[in-house]
Amino acid sequence: MGVTRVFTRGGWIPSVIREGDELRLMLGAGADANHEPRTFTVPIGAAHLEVIRADLARHLLLWSALLPLCDDAGTRGRLDESAAVALLDPVLLAPPEDVDALFRRIRWDRSRLVAHGARLGPLEHGQVCEAMRTATETPDEKRAQQHHADRRRAERGVVLGPLDAAILRYTGQYLHGATKPRRMPDAVDPALLPQVMRVIATAEQACAGMRIGLDPRRGNRATDKRAWDRTAAAVDAAVRGAYPGLAADAVRTVSFLMCAEVADRSRSAPADDDVDPGAGKAALSFTDDRGGERTWRRDGPRGAAAEFWAFVADRSAAGNEVFTIEDEAMGEGIQLHFYADSIARITTVRPQVGPEPHYRVEYRLVDGLDEYRELVRDFVRGGCAALDGHGPWMSDVAEFERARRRAGAR
């Protein structure tokens, strides 16, 4: 049975085809399991075709009404053809007031109508026929995206002033707040750009000199969340203090931009862990809780602390959160317990009594990655003795557990 195209307006607007003796409306909507567009068809009559040919607004309204049924079909399901056919006469052939009443009862795709020029005032008041008097055959997808973003904000009770909107446009987050922000001065009204740049300058000054490195405890790509939050808090406080009238969305996007830029700069800067390669130590061994081992030697390409954190980033995972650095020549080491925010320093007691080595183990709590890094650097430089200033150290396990529980309760 042959298929011929009877009428089309181009783009994604549904076309009319003839299959044998039957007229059908054909539209693409959604995607299948392979992410390819799905195509649906609905039988129509000659009277429907006549309206579709002559009236762009009714054609677009029908498309808007059919799209939710296509969404219901999902990636594999069949279109509810009976429900689709039941929409034809009420959308295409009924008087305008009845079409408006229909659209107050059914689901319909607002974005399609906005993209094709619907007037927003009448549309918001349920006057779809009036709204579509300005319908255009060529869509403006950006207009639809902006309208959708504005509606999402309105649902959250957010009202943007001109400067708020300009800041969101500057960072590229007016339409999509989850995207990584970037600087887009050309997207801002030139009259508002100087004000936007003053806000940005305030934020830049607030986070000058700050760093947001990677957190090797969470792999090779994870950002240090505490450093991110610290930078965000500094920017938020400065911007809110200087511009108390800014909407929370505007402040948040400036903070996001600053944090992203600080993180990018930090990744390209030399690591602090490489500043001191390991003092006079010839070799250190690194181990984890799952049998992983790595040896650092003084003649290697990078410092001991940097090599240790690379080992952590490569090996750290759920259930593998205990890492040890050992100086076998000195008979001492440290053990980092990431799951418990704690560290132990272990020294061999000399003179040795009996056939087995005797160790002194001391514990302390650790406040975040920065402190872990400091402890590792000091151990690499001077061994366990260099950690004396980081006390108090507790040798009583029960006392340490009580301290850990108290810290966790805060």
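Guide: A residue counts as buried when its relative accessible area is under 20%. In this predicted model, cysteine 259 is buried because its relative accessible area is 0%. Cysteine 70 is likewise buried, with a value of 3%.

Visitor: How many disulfides does the model contain?

Guide: A disulfide requires two cysteine sulfur atoms within 2.5 Å. By this rule the count is zero.

Visitor: Why does cysteine 259 form no such bond?

Guide: The closest cysteine sulfur to that of cysteine 259 belongs to cysteine 207, and the separation of 7.4 Å is too far for a bond.

Visitor: How should one read a sheet, and what is the strand order in the open sheet of six strands?

Guide: In general, the strands of a sheet pair through backbone hydrogen bonds, in a parallel or an antiparallel manner. Here the order is β6-β5-β7-β8-β9-β10, and the pairing is antiparallel. Strands β6 (293–297) and β10 (359–365) form the edges, each pairing on one side only. On average, neighbouring strands of this sheet are turned by 15° against each other, direction ignored.

Visitor: How many bridges join β5 to β6?

Guide: Five bridges connect strand β5 (residues 283–288) with β6, and the two run antiparallel. Leucine 284 stands opposite tryptophan 296 in β6.

Visitor: Which strands do helices α13 and α14 lie across?

Guide: Helix α13 (residues 304–315) lies across β5, β6, β7 and β8, at about 20° to β5. Helix α14 (residues 368–382) lies across β5, β7, β8, β9 and β10, and its direction is at about 170° to β8.

Visitor: How is an aromatic pair described, and how many are found in the whole structure?

Guide: Such a pair is described by the distance of the ring centres and the angle of the planes. The search finds ten aromatic pairs. In one of them, phenylalanine 311 and phenylalanine 323 have ring centres 5.8 Å apart and planes at 85°, so the pair is edge-to-face. This pair links helix α13 to strand β7, across twelve residues of the chain. Both phenylalanine 311 and phenylalanine 323 are buried.

Visitor: What is the geometry of the pair formed by phenylalanine 323 and phenylalanine 338?

Guide: Their centres are 5.7 Å apart and their planes stand at 40°, so this pair is tilted. Phenylalanine 338 lies in the loop between β8 and β9, 15 residues from phenylalanine 323. Phenylalanine 338 is buried at 7% relative accessible area. One aromatic cluster comprises Phe286, Phe308, Trp309, Phe311, Phe323, Phe338 and Tyr372.

Visitor: Which arginine lies over the face of tryptophan 309?

Guide: Arginine 373 does, at 5.1 Å from the ring centre. Arginine 169 lies over the face of tyrosine 174, at 4.0 Å from the ring centre.

Technical notes. Residues are numbered from 1 along each chain as its sequence is written. This is a predicted model: local features need pLDDT of at least 70, side-chain atom pairs count only at pLDDT 80 or more; totals for chains, interfaces and linings use all residues. Side-chain values use heavy atoms; hydrogens and water are left out. Buried means under 20% relative accessible area, exposed over 50%, partly exposed in between (1.4 Å probe, protein chains only). Two strands pair if DSSP finds at least two bridges between them. Helices (H or I, at least four residues) and strands (E, at least two) are DSSP runs, numbered from the N terminus. Axes are lines fitted to C-alpha atoms, for helices over the stretch in contact, and angles run from 0 to 180 degrees between N-to-C directions. Contact means heavy atoms within 4.5 Å. Rings of Phe, Tyr and Trp (its six-membered ring) pair if their centres lie within 6.5 Å; planes under 30 degrees apart count as stacked, over 60 as edge-to-face and the rest as tilted. A charge sits over a ring if NZ of Lys or CZ of Arg is within 6 Å of the ring centre and within 35 degrees of the ring normal.
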